[in-house]
Amino acid sequence: MGTRAWALLLVLCGTIFLEGADVAMMAVAIPAIRSDLGLATGTAAWLLSAYVLGYAGFTLLGGRAADLLGRRRMFLLWLTVFLAFSGLGGLATDGWMLIVARFVTGVAAAFMTPAALSLITTSYEEGPKRNKALLVFAGTGAAGFSLGLVIGGLLTELGWRWVFFAPVLLTAALLVTATRLVPRRDAPPVRGRTFDLPGAITAAGAMLLAAYTVVRLEHGLRDWPLTLASGLAALLMAGAFVVFERRCPDPLVRLGILRRGPVVRADLGALLFLGAFFGFQFVVTLYLQELRGWSSLQTAVALVVMGVDAVLAPTLTPRLVTRFGNARVILGGFLLGVAAYALFLPVGMDWSYAMMFPTLLLSGLAFALAYGPLTIAATDGVDESEQGLAGGLLTTATQFGSAIGISAVTAVYGLASTGPGPEATLSAFRAALVVPVVLVVLGALISVVSVREARRAVRNASPVSSASASHTSAKPAQRSGGISSWK
């Protein structure tokens, strides 16, 4: 890639870095915010939940809006909204102001992240160049989260408001650079197209209710009728959405994309992998801070090794994908995840950092192998006019995955808690750590199906002429796409 292509990629990757760092810094800063503003526990929890609701609730709509209204337009507009409400959060003087700011910031991320992803998939030709760009994108997002933990710890020492103001500075720099680098040619023709308003309303409603239901899972059996009611309302709204989309001549979401096995498997894989990753990280953070008494900065430094994928995703993973294909590399990532999380199940009260290190390192390696190729598989072979939709589906899956992972481990921890003592707390942590293992095992099973599909594609493609075979072998990255079927 040329200099301008790399510069554009760095700007677009800056968005996912910003999003990852923002979430991580907020997670570290919540105790200080709660203490300074005198927030109740429930109000403090909503600082994370509000962002998840906004992000997960509008990602699908954000992805399609990029296709219909223009990727560049949506990217720049919502990057500006992200900047504005991050700044407002830093100026907040009450809990409700922070919650509103976090919700709108999540909505902004729901629009700008799929737009950035679709700008990558439409700016770099399908094949090795796009694959490398997507792997860099995925690695940058993970690096943002890992470095955000450390940066958040440092900024919180200066004052929690810097956790809001620091993203403002980075966002402003990205916005100025993006206006010069993001191509204007991406805007699709909108003449004669109608915006599916009923579909947009029911999609956002279903996603918001589903996200709220997932968040409520962390309460366990407490107020279960409300959790059940929100889940049923989400299903009803989703049913209405399907009815509207089938009848609409120009639907918000072409339902046929959900019949593409490679796309669905990639999205499910991303949901399970991210759920396991963030669920595990959440439990480990509580273990280190609440049970072991580590400071937020010590915890952040300890977990930074999980960000090894930021180096490996753009360097090692592309070579593995070229040689073995997406499906096998993804399966390898899930198997590493199984090993990593299983090693942590017998965690003890006095484990040294050396005993934790193998799990932390392996989880970072697993992320490097799985997440980037899953991103490739979720968008590979999708028509250019629906790249924003494909990106929205993937981002929706990752957001729901992270929410499900954190909520599930919290619910299991609460149900397994038998008393206030340290031994009871440790036993509850061990029970919660089973959740990430189960999630990556399920993801590995789905990946096995993808590997079999890839092998079947190889067998079906084998009886071709020698000329076709030699032409195909000259493109190993496309030939061994793994999860995606050949065209």
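Let me begin with a group of rings: F280, Y287, Y341, F344, W351, Y413 and F429 together form one aromatic cluster. Please keep in mind, as you look at the structure above, that this is a predicted model.

Within that cluster I would like to pick out two members. Which arrangement do F280 and Y341 adopt as an aromatic pair? They are tilted, with 4.9 Å from centre to centre and 40° between the planes. If you now find the two residues along the chain, you will see that F280 belongs to helix α9, which covers residues 261–291, while Y341 belongs to helix α13, residues 326–343, so the pair ties together parts of the chain that are 61 residues apart in sequence. Are these two residues buried or exposed? F280 has a relative accessible area of 0% and is therefore buried, and Y341, at 1% relative accessibility, counts as buried too.

Let me now widen the view, because the structure holds 16 aromatic pairs. Another of them is formed by W78 and F111, and this pair is stacked, with 4.4 Å centre to centre and 15° between the planes. Here again distant parts of the chain are linked, since W78 sits in helix α3, residues 71–90, and F111 in helix α4, residues 95–123, with their positions 33 residues apart in the numbering. Both W78 and F111 are buried.

I will turn next to helix α8, which runs over residues 224–247. This helix has 24 residues and reaches 35 Å from its first C-alpha to its last, which is close to the 34 Å expected at 1.5 Å a residue. Its buried residues are T227, S230, G231, A234, F241 and E245, and what covers them includes helix α7, residues 197–216.

That brings me to my last residue, R216, which is found in helix α7. What is the nearest side chain of opposite charge to R216, and how far away is it? It is D223, at 4.1 Å, and R216, although buried, has no salt bridge. For a first-year student the cut-off is worth hearing once: a salt bridge requires the side-chain nitrogen to lie within 4 Å of a carboxyl oxygen.

The side chain of R216 does, however, make a polar contact of 3.0 Å with the side chain of T227, and T227 is one of the buried residues of α8 that I listed a moment ago. Leaving aside residues up to four places away in sequence, R216 touches R222, D223, L226 and T227.

How values were computed: Residues numbered from 1 in each chain as written. Predicted model: local features only at pLDDT ≥ 70, side-chain atom pairs only at ≥ 80, totals over all residues. Heavy atoms only, no water. Phe/Tyr/Trp six-rings, centres within 6.5 Å; stacked < 30°, edge-to-face > 60°. Helix = DSSP H or I, 4+ residues; strand = E, 2+ residues; numbered from the N terminus. Buried < 20%, exposed > 50% of the residue type's maximum accessible area, 1.4 Å probe, protein only. Expected span 1.5 Å × (residues − 1). Contact = heavy atoms within 4.5 Å. Lys, Arg positive; Asp, Glu negative; His and termini not counted. Polar contact = N/O pair within 3.5 Å; in protein donor to acceptor, adjacent residues only side chain to side chain.
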